[in-house]
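Here's a quick walk through this fold, meant to be read with the structure open beside you. We'll take the helix contacts, then the sheet, then a few loop spots.

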Amino acid sequence: MDKIKDTRSFMRITHRYLGYFLAGIMAVYSLSGILLVYRDTDFLKKEKKYDKTVAVNLSEKELGKELKIKGLEVEKTEGTVLHFKQGTYDASTGKAQYSKKELPFVLDKMVKLHKAQSKDTLSPLNVFFGISLFFFVISSFWMFNPKTKAFKRGIKFTIAGLIISVILLCI
């Protein structure tokens with residue numbers, strides 16, 4: 001019985017203080033997650049103009065990659081100047097003039113939290129956050145005595161959350 005009480009006490013205390021520690025991180029992740037929902041719109045984005053010199057004679061695909069413009073399509077060509085929706089590129093000089101709609105600096109950095117890859121400096125934070133959230137899932141089952149009404153109701157809500165998540169993933 002002491003081992004069960006020790007485990008419950010450990011889970012509750014760790015859950016509490018880890019929760020306080022992660023509150024700020026969760027606020028940033030939640031805001032950036034909301035922003036990501038609207039990444040296909042111009043919500044909060046401002047137009048930024050660029051005047052950049054890149055390699056000469058780039059293909060359409062290479063130019064899109066170099067300028068970091070997804071789906072860049074050349075609409076017309078006049079001599080060596082390629083015109084695309086966002087601007088122009090002179091293939092003979094490498095001069096590109098274009099504009100992009102971007103989030104303000106801080107919001108852009110917040111959104112990058114969700115897009116971090118293993119090679120990025122943010123990846124340890126993402127892994128720590130993911131493991132911490134998983135710990136929250138597990139430790140929440142030690143918050144109440146399994147014989148109580150609150151615990152049994154909590155299990156029903158957990159099952160409902162799992163089912164809804166799986167249904168939405170499959171749609």
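## α1 against α4

Start where α1 passes α4: the crossing is left-handed. Keep in mind that this is a predicted model. Helix α1 covers residues 2-37 and helix α4 covers residues 123-139. The two pack at an angle of about 135°, and their axes sit 10 Å apart. An angle over 145 degrees would count as roughly antiparallel, so α1 and α4 are classed as oblique to each other.

Which residues of α1 and α4 meet here? On the α1 side you'll find M11, T14, H15, L18, G19, F21, L22, I25, M26 and Y29. Facing them from α4 are L125, N126, F128, F129, S132, L133, F135, F136, I138 and S139. Sorted by class, the contact of α1 with α4 comes out at 14 nonpolar and six polar residues, with no charged ones.

## α1 against α3

Helix α1 also has a contact with helix α3, which spans residues 105-115. Here the axes come within 8 Å and cross at roughly 90°. That crossing makes α1 roughly perpendicular to α3, because angles from 65 to 115 degrees fall in that class.

From α1, the contact uses V28, Y29, L31, S32, G33, L35 and L36. From α3, it uses L107, M110, V111, L113, H114 and K115. The class count for α1 with α3 is nine nonpolar, three polar and one charged. Y29 of α1 turns up in the contact with α4 and again in the one with α3.

## The sheet

Now for the strands. Five of them form an open sheet with antiparallel pairing, in the order β1-β5-β4-β3-β2. Which strands stand at the edges? They are β1 (46-53) and β2; each has a single partner strand, so one side of each is left without a neighbour in the sheet. From one strand to the next, the twist averages 25°.

Zoom in on strand β3 (residues 81-84) and strand β4 (residues 87-90), and you'll see antiparallel pairing over four bridges. As an example of partners, L82 is bridged to Y89 in β4. Helix α2 lies across β1, β2, β3, β4 and β5, and runs at about 55° to β5 (95-102).

## Loop spots to look at

Two residues other than glycine have a positive phi: L44, near 65°, and N57, near 55°. L44 is in the loop between α1 and β1. How exposed is L44? Its relative accessibility is 43%, so L44 counts as partly exposed. N57 is in the loop between β1 and α2, and at 59% relative accessibility N57 counts as exposed, because the cut-off for that class is over 50%.

Last stop is G71, in the loop between α2 (60-67) and β2 (74-78). Is G71 buried or exposed? With 66% relative accessibility, G71 counts as exposed. If you want a distance to check on screen, try G71 to L103: their C-alpha atoms are separated by 19 Å, and the two residues are 32 apart along the chain.

Note on methods. Residues are numbered from 1 along each chain as its sequence is written. This is a predicted model: local features need pLDDT of at least 70, side-chain atom pairs count only at pLDDT 80 or more; totals for chains, interfaces and linings use all residues. Side-chain values use heavy atoms; hydrogens and water are left out. Buried means under 20% relative accessible area, exposed over 50%, partly exposed in between (1.4 Å probe, protein chains only). Two strands pair if DSSP finds at least two bridges between them. Axes are lines fitted to C-alpha atoms, for helices over the stretch in contact, and angles run from 0 to 180 degrees between N-to-C directions. Contact means heavy atoms within 4.5 Å. Angles under 35 degrees count as roughly parallel, over 145 as roughly antiparallel, 65 to 115 as roughly perpendicular and the rest as oblique. A crossing is left-handed if the near helix is turned anticlockwise from the far one by less than a right angle, and right-handed if clockwise. Ala, Val, Leu, Ile, Met, Phe, Trp, Tyr, Cys and Pro count as nonpolar, Asp, Glu, Lys and Arg as charged, and the others, Gly among them, as polar.
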